[in-house]
Amino acid sequence: APVFEAIGCQTLPFEAFEVILVDGENQGKPHPFILELLDSLNRKTGGQLKTRLINLDSVGRAGGRNHALARAAGPVTLLWADDFSPAPDTFRLHLEFHQKHPELSAVAVGPGVSPRDIPMTPFMHWLEDSGSLFGVSFTTGESEVEKRQFFYGGNTSLKTELLRSVGPSDERLPYHAFDDDELGM
């Protein structure tokens, strides 16, 4: 729910992007909770935001990404996971990055930070500050992960053409992050 709320607060005009949601957890039927969230998002955006819901039978994250990418219409694809809520300017900043960096290989990796309305634990500080898990610290001002063998898809944007050129993610990879590693390679 917080992710849907945050999508409805983006500073990028709603007509400039679409949201493709893949739900593979409810035997191919729309989950009532997801339908409620989409309806609420539609009301909040005055119907201006294009949304597509893809219901599939038990697909993993790699399969969900493959199905969404097959339907993506825009030149840039922002991969988002429900672990983090996007800040209001997230979508706009990703688009501006790609406008400034038109080369096909340019990839924007955004931060994954915890909500500031909950107490920060030592683990949360480590996750955001150390750079150990995501390959870059989100709090020290380091801004480039260039020349590192690292990739994660939780807040990352790529040219749709680049994503399509590397081929689909291997849906046999059963665990989260295996598909991120494969896509990064």
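In this predicted model, the buried residues of helix H2 pack against three other elements: helix H1 (2–7), strand S1 (18–23) and strand S2 (50–55). The residues doing the packing are Ile 34, Leu 37, Leu 38 and Leu 41. They end up on the same side of H2 because they cover an arc of only 95 degrees around the axis. The face turned away from that buried side looks quite unlike it on paper, with Pro 32, Glu 36 and Arg 43 as its exposed residues. As for the geometry of the helix, H2 runs over residues 32–44, and at 1.5 Å a residue its 13 residues should span 18 Å; the end C-alpha atoms are indeed 18 Å apart, so expectation and model agree.

What follows H2 deserves a look too. Thr 45 sits in the loop between H2 and S2, and with a relative accessibility of 4% it counts as buried, since the cut-off is under 20%. Setting aside residues up to four places away in sequence, Thr 45 touches Gly 8 and Phe 14. Also just after H2 comes Gly 46, which takes a positive phi of about 60 degrees.

Zooming out, the protein has 7 helices and 5 strands. Read along the sequence, they follow the pattern α-β-α-β-α-β-α-β-α-β-α-α. Of the 185 residues, 37% count as buried. Among contacts with a separation of 6 or more, 69% come from residues 24 or more positions apart. The accessible surface comes to about 10900 Å², and carbon and sulfur atoms hold 56% of that.

On to the charged pairs: the count comes to 6 salt bridges. One of them links Glu 18 and Arg 52, with the closest N and O atoms 2.7 Å apart. Glu 18 belongs to strand S1 and Arg 52 to strand S2, so this pair ties together parts that are 34 residues apart in sequence. Both partners are partly exposed, Glu 18 with a relative accessible area of 24% and Arg 52 with 31%.

Another salt bridge joins the side chains of Asp 89 and Arg 92, at 3.8 Å from N to O. Asp 89 is partly exposed at 28% relative accessible area, and Arg 92 is also in the partly exposed class, at 27%. Salt bridges that share partners bring Glu 96 in as well, joining Asp 89, Arg 92 and Glu 96 into one network.

Arg 172 and Asp 170 make a salt bridge too, with 2.7 Å between N and O. Arg 172 counts as exposed, having a relative accessibility of 70%. Ser 169, by contrast, counts as buried at 8% relative accessibility. Ser 169 lies in the loop between helix H6 (160–165) and helix H7 (178–184). Leaving out neighbours within four places in sequence, its contacts are Ala 62, Arg 65, Asn 66 and Glu 182.

Finally, there is a nonpolar patch on the surface. Phe 123, Trp 126 and Leu 133 make up this patch, which covers about 320 Å². Leu 133 is found in the loop between helix H5 (122–129) and strand S5 (155–159). At 44% relative accessibility, Leu 133 counts as partly exposed, since that class lies between the 20% and 50% cut-offs.

How values were computed. Residues numbered from 1 in each chain as written. Predicted model: local features only at pLDDT ≥ 70, side-chain atom pairs only at ≥ 80, totals over all residues. Heavy atoms only, no water. Helix = DSSP H or I, 4+ residues; strand = E, 2+ residues; numbered from the N terminus. Expected span 1.5 Å × (residues − 1). Buried < 20%, exposed > 50% of the residue type's maximum accessible area, 1.4 Å probe, protein only. Arc of directions from axis to C-beta. Contact = heavy atoms within 4.5 Å. Patch = residues over 30% accessible without salt bridge, like charges linked within 9 Å, V, L, I, M, F, W, Y side chains within 5 Å. Areas by Shrake-Rupley, 256 points an atom, 1.4 Å probe, with all protein chains shown as cover. Salt bridge = Lys/Arg side-chain N within 4 Å of Asp/Glu carboxyl O.
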